[in-house]
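Open the model in your viewer and keep the selection panel at hand. The stops below say what to select and what is there.

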Amino acid sequence: MKKPIVVAAVAVAAIPALLLLMVIGLIFAGSSGSSPGASFGGGAGGGLKGGVGGKWRPWILKAGSLCPKVTPAILAAQLQEESNFDDTAKGPVLPNSDQAQGIAQFIPSTYAIYAKDDDGNGRASVWDGGDAIMAQGRMMCELVKDAEKSSYSGGTIQLALAGYNAGWGWVDYYKGIPPFKETTGYVADITKQAEAWTVAGGGGASRFSDGTQSWTLNNPRSVEAAIAWAKDHSGPSSDAQWYNRCLAFTAIVYGWNVSGVPYAIDHYSVVPKEMQHTDRNPPPGALMYWDTGSRAGHIAIYLGNGQIASNDILRRGYIDVVNADVIETKWGAKYVGWTPPYFPHAG
């Protein structure tokens, strides 16, 4: 991503003029520059090694849950290569006056395709790390789809990385990873770094996977409706009313006005013993609990696929969808267990 113009010049003699114009256009739309001195990274599969990503780790975990093959380790390794996790990074100015910008080093025209106000601050800015990382995740997921449809050799993730670096137009032209020194090095080094940052088994003890729902309850909202409501009221659709109100949020998700219990961690104890579970396989819709070291503790709604809807974890007072293990990795909380969405004192 550092030198798309140099890469384009390598193959000028071999490409007819009209095709060259088309491919160069795709390069400018699909590439981004990396900061000088950034180290390399990237790869395949699973959970992300503890501490990787620093303050951007929650966003990397969230973006790494958008599609199965684009993992947090891949995204983290790309961010290290692109900007060394610097949300103020600027790449070299290209001949068409474009410049790679931000933590994921997007060209402005490319960023416009994938940009959303993911951090809920009222703007979808390439200079907002959360917005840029989520855009990076969306772009990589699209490139993975392109790679899977292409049937080109070289590996799905590797082809996607090549597309991010050189532009998918060059991948199409060569029907595989373009033979540019920068691109082949980018793909190899990111793959290697991501493997080093991948925790075997999807994150070991901190990974959550879906169990099977086996309860019949009488909440105002069904599990399916509750999950949909939680998603609809998270992210950009959330407002700032939820600071320290995690238990209230879970009750309202299921259609209750109040939970009837003062503290989140206490709700675990009012649920019958046979409904208390300590494994890491909650069914979608379950209530999950953590000991945060404070009196209140924390509770969140499990959405499935390792994700929860939680308040305060990314933004004070707001609801965001994040990987469930973020409560442990970011807050240092201790996982207690899960229960069915049972509210014996709600009203």
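Select Gly255, which comes after helix H12 and has a positive phi, near 95 degrees. Helices here are DSSP runs of H or I with at least four residues, strands are DSSP runs of E with at least two, and both are numbered from the N terminus. This is a predicted model, in which local features need pLDDT of at least 70, side-chain atom pairs count only at pLDDT 80 or more, and totals for chains, interfaces and linings use all residues. Residues are numbered from 1 along each chain as its sequence is written, and side-chain values use heavy atoms, with hydrogens and water left out.

Now step back to H12 itself, residues 246-253. Of its 8 residues, 6 are buried, so H12 is largely enclosed by the rest of the structure. Buried means under 20% relative accessible area, exposed means over 50%, and partly exposed is in between (1.4 Å probe, protein chains only). To see the buried set, show Cys246, Leu247, Phe249, Thr250, Ala251 and Val253 as sticks. What do the buried residues of H12 pack against? Colour helix H11 (223-232) and helix H13 (264-270), then strands E5 (287-291), E6 (298-304), E7 (307-311) and E8 (319-323): these are the elements they pack against.

**Helix H7**

Next select residues 156-166, helix H7. Here 9 of the 11 residues are buried, so H7 too is largely enclosed by the rest of the structure. The buried residues are Ile157, Leu159, Ala160, Leu161, Ala162, Gly163, Tyr164, Asn165 and Ala166. Move on to Gly167, which follows H7 and has a positive phi, near 100 degrees.

Return to H7 and pick Gln158. Leaving out residues up to four places away in sequence, Gln158 touches Ile177, Val187 and Thr191; a contact is a pair of heavy atoms within 4.5 Å. If you set a distance between C-alpha atoms, Gln158 to Val144 gives 9.1 Å, for residues 14 apart along the chain.

**H6 against H7**

Add helix H6, residues 129-150. The axes of H6 and H7 come within 8 Å and cross at roughly 120 degrees. Axes are lines fitted to C-alpha atoms, for helices over the stretch in contact, and angles run from 0 to 180 degrees between N-to-C directions. That angle makes H6 oblique to H7. Angles under 35 degrees count as roughly parallel, over 145 as roughly antiparallel, 65 to 115 as roughly perpendicular and the rest as oblique. The crossing of H6 and H7 is right-handed; a crossing has that hand if the near helix is turned clockwise from the far one by less than a right angle, and is left-handed if anticlockwise.

On the H6 side, show Gln136, Met139, Met140, Leu143, Val144, Ala147, Glu148 and Ser150. On the H7 side, show Thr156, Ile157, Leu159, Ala160, Leu161, Gly163 and Tyr164. By class, the contact of H6 with H7 has 10 nonpolar, 4 polar and 1 charged residues. Nonpolar covers Ala, Val, Leu, Ile, Met, Phe, Trp, Tyr, Cys and Pro; charged covers Asp, Glu, Lys and Arg; the others, Gly among them, are polar.

**H4 against H7**

Hide H6 and show helix H4, residues 72-83. How do the axes of H4 and H7 cross? They come within 13 Å and cross at roughly 30 degrees, and the two helices are therefore roughly parallel to each other. This crossing is right-handed. H4 contributes Ile74, Gln78 and Glu82, and H7 contributes Ile157, Leu161 and Tyr164. The contact of H4 with H7 divides into 4 nonpolar, 1 polar and 1 charged residues.

**Three loop residues**

In the loop between helix H3 (57-63) and H4, select Ser65. Ser65 counts as buried, at 15% relative accessibility. Neighbours within four places in sequence aside, Ser65 is in contact with Asn305, Gln307 and Asn323.

Then go to Phe85, in the loop between H4 and strand E2 (90-93). Phe85 is not a glycine, yet its phi is positive, about 65 degrees. Is Phe85 buried or exposed? Phe85 is buried, with a relative accessible area of 17%.

Finish at Lys175, in the loop between helix H8 (168-174) and helix H9 (181-197). Lys175 also has a positive phi, about 50 degrees, although it is not a glycine. With a relative accessible area of 55%, Lys175 is exposed.
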